[in-house]
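Trainee: Please examine one part of this model closely and set it in the context of the whole chain. I should like the criteria behind each term to be stated as you go.

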Amino acid sequence: MLRRLIASLAGAALLSAAGAASSATLIYSANMAGSNEVPPTGSPATGFTLVTIDDVANSMKVQVTFSGLIGGPAGAAHIHCCIPVGQTTGIAVGFPGFPAATSGTYNNTFDLTNAAIYTSGFLAASGGTAAGAEAALLAGLAANQAYSNIHDAQFGGGEIRGFLRAGIPEPTSWALMITGFGFAGAALRRRRLAPA
C-alpha cells in the first residue's frame, strides 16, 4: 500500500515537473525560403531558424542554418516583429556576428532584459523599455507575427525569410512526461493486481 502511494506521488511529481519545465521553454521555428519574401525573390536558397525562449531566465537562443544564397554573402540577419504573414515590418532583434557567407550556421543567446539587443525603432514602439520590448516580442511570436530574415547585397529587403511558428517541446519535457505516465501506469497496474 505504501509503495503504491509513493509511486503515485512520484508520478504526480514528475508530471508536475514536466508541466513546469514546458511552461518555462517556448520553441519557435521557421523554414526560410525566397518564396516567403515580400515580394518573392525566386532564390533557391534555404534556411532554418530555431528560437528557444526561456521565460524564467528571460533568454532567447537563436540558431540558424542557411545555404545557397545567390545574392552574395549574408550582410545581415534578424527577427522582424510584429506583422501578419504576407507583410513586411521593421527589425526587432539583429543577429550580431552573423556569418558573411552564402552558407553557414549561427548560434547566439540573447538576454531579453537587455535593451541593447532591440533596435531603437522596436524599443521606441514598445514603450522605450526592455520590459516593453520583451513583452511585444513574446506576444508577436505567440501570435505568429514574427519572422527570421537574411539579407545580402542583391536582396537588400531579404533573400530568404520564414515566419516563426510554435515548435515541438524540448526533449527533456517529453522525457519527464513519459516517465511520469510510466509511474502512474505502474501504480494503477499494481492496484488492479493486488488481492482484495
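Mentor: The accessible surface of the chain is about 9700 Å², and carbon and sulfur atoms contribute 64% of it; such areas come from the Shrake-Rupley method with a 1.4 Å probe, and for residues only the protein chains shown count as cover. The model is predicted, so local features need pLDDT of at least 70 and side-chain atom pairs count only at pLDDT 80 or more, whereas totals for chains, interfaces and linings use all residues. Residues are numbered from 1 along each chain as its sequence is written, and side-chain values use heavy atoms, with hydrogens and water left out.

Of the 196 residues in the chain, 35% are buried, that is, under 20% relative accessible area, with exposed meaning over 50% and partly exposed in between (1.4 Å probe, protein chains only). The chain holds 4 helices and 9 strands; these are DSSP runs (H or I of at least four residues for helices, E of at least two for strands), numbered from the N terminus. Their order along the sequence is α-β-β-β-β-β-β-α-α-β-β-β-α. Where contacts (heavy atoms within 4.5 Å) link residues at least 6 apart in sequence, 64% of them join residues at least 24 apart.

The part chosen for a close look is Ser 43, in the loop between strand S1 (25-33) and strand S2 (46-54). Ser 43 has a relative accessible area of 9% and is therefore buried. Its side chain makes a polar contact of 2.5 Å with the side chain of Glu 159; the term denotes a pair of N or O atoms within 3.5 Å, where within protein one must be able to donate a hydrogen and the other to accept it, and residues adjacent in sequence count only if both atoms are side-chain atoms. A polar atom of the Ser 43 side chain also lies 3.1 Å from the backbone nitrogen of Ala 45. Beyond the neighbours within four places in sequence, Ser 43 is in contact with Gly 34, Ile 70, Glu 159 and Ile 160.

The loop between S1 and S2 also contains Pro 39, which is joined to Val 38 by a cis peptide bond with omega about -5°. Another cis peptide bond, with omega about 10°, joins Cys 81 and Cys 82; Cys 82 lies in the loop between strand S4 (74-81) and strand S5 (91-94).

After S2, the loop leading to strand S3 (59-67) holds Asn 58. The phi of Asn 58 is near 55°, a positive value in a residue other than glycine, and with 24% relative accessibility Asn 58 is partly exposed.
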